[in-house]
Amino acid sequence: MKRPLEASAEGRGRIVGITDGVFAIALTLIVLEIRVPAHEAIHSEHDLLAAIAALAPRFLTYALSFLTLTIFWFGQQAQHGLIAKSDRRLATLNLCFLAFIALLPFSTDLLADFLDYRTAVLVYWLNLLMLGVTLFASWRYAEKNGFVAEDVDAETRRTVYLRIVKAQILWAVGAALCLINPLLSIGFILVVQLIYAAALRGSLLRNVIG
């Protein structure tokens, strides 16, 4: 009889399933905060344009968080592709990661409402930090306990660590820039997200062509 904490491929499959569901919900929630202007407040083309322009902070934070979710989804999917099995402890670490994914719509909404406040930027960065910490912890636990597939070489294992650490260093630099100006901080983080998104696109194209 299989013990409750015994690792299995079935356990890994369940993690993958719930991960996709949580990401789908988070992606939906971040766009729901962009609300169409109230019809009764619009009396001319100028009013409508002004109302849409007023939504600029929300479109900015939506783009930021959409990229964030995309990057972390690809990151965790890559890990799942390298992990052959899972146990309850690894599942718990993954659920902690998903808890911070589920929190992202809140930190996105806070940032959109208080774009000029350092505290809002720091809360958003802390969300990113905890995503990185839990993703790192999941990979480390899987590697130390022999859950990584046998054909995964040492270079690939090292690359997973480096990608997480490099991203967190860049986001920390971005967060520190809020001491100068919160908008500068947000702009820097957005550029980092765009670079990572472009790198992911390049990797996908190479996989397809290759």
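**Exercise 1. State what share of the residues in this predicted model is buried, and what its surface is made of.**

Step 1. The protein has 210 residues, and 37% of them count as buried.
Step 2. Turn to the surface. About 11,900 Å² is exposed. Carbon and sulfur atoms supply 67% of that area.

**Exercise 2. Describe the fold by its elements and its contacts.**

Step 1. Count the elements: 7 helices and 0 strands.
Step 2. Read them from the N terminus: α-α-α-α-α-α-α.
Step 3. Check the contacts with a separation of 6 or more. Residues 24 or more positions apart account for 78% of them.

**Exercise 3. Find the residues that touch the most other members of the largest nonpolar core, and the helices that supply it.**

Step 1. The core holds 44 residues. Phe-72, Phe-97, Ile-101, Leu-111 and Trp-171 touch the most other members.
Step 2. Helices H1, H3, H4, H5, H6 and H7 each supply at least two core residues.
Step 3. H5 (118-144) gives the most, with 10 residues.
Step 4. Take Phe-97 and set aside residues up to four places away in sequence. Phe-97 then touches Phe-23, Phe-72, Gln-76, Leu-131, Thr-134 and Leu-135.

**Exercise 4. Is Leu-60 buried, partly exposed or exposed? Place it in the fold.**

Step 1. Leu-60 lies in helix H3, residues 56-82.
Step 2. Its relative accessible area is 26%. Buried means under 20% and exposed means over 50%, so Leu-60 is partly exposed.
Step 3. Beyond its neighbours within four places in sequence, Leu-60 contacts Leu-115, Ile-186 and Leu-190.
Step 4. Compare Leu-111, 51 residues apart from Leu-60 along the chain. The two C-alpha atoms, of Leu-60 and Leu-111, are separated by 9.8 Å.

Methods: Residues are numbered from 1 along each chain as its sequence is written. This is a predicted model: local features need pLDDT of at least 70, side-chain atom pairs count only at pLDDT 80 or more; totals for chains, interfaces and linings use all residues. Side-chain values use heavy atoms; hydrogens and water are left out. Helices (H or I, at least four residues) and strands (E, at least two) are DSSP runs, numbered from the N terminus. Buried means under 20% relative accessible area, exposed over 50%, partly exposed in between (1.4 Å probe, protein chains only). Contact means heavy atoms within 4.5 Å. Accessible areas come from the Shrake-Rupley method with a 1.4 Å probe; for residues, only the protein chains shown count as cover. A nonpolar core is a set of buried Ala, Val, Leu, Ile, Met, Phe, Trp, Tyr and Cys residues joined through side-chain atoms within 4.5 Å.
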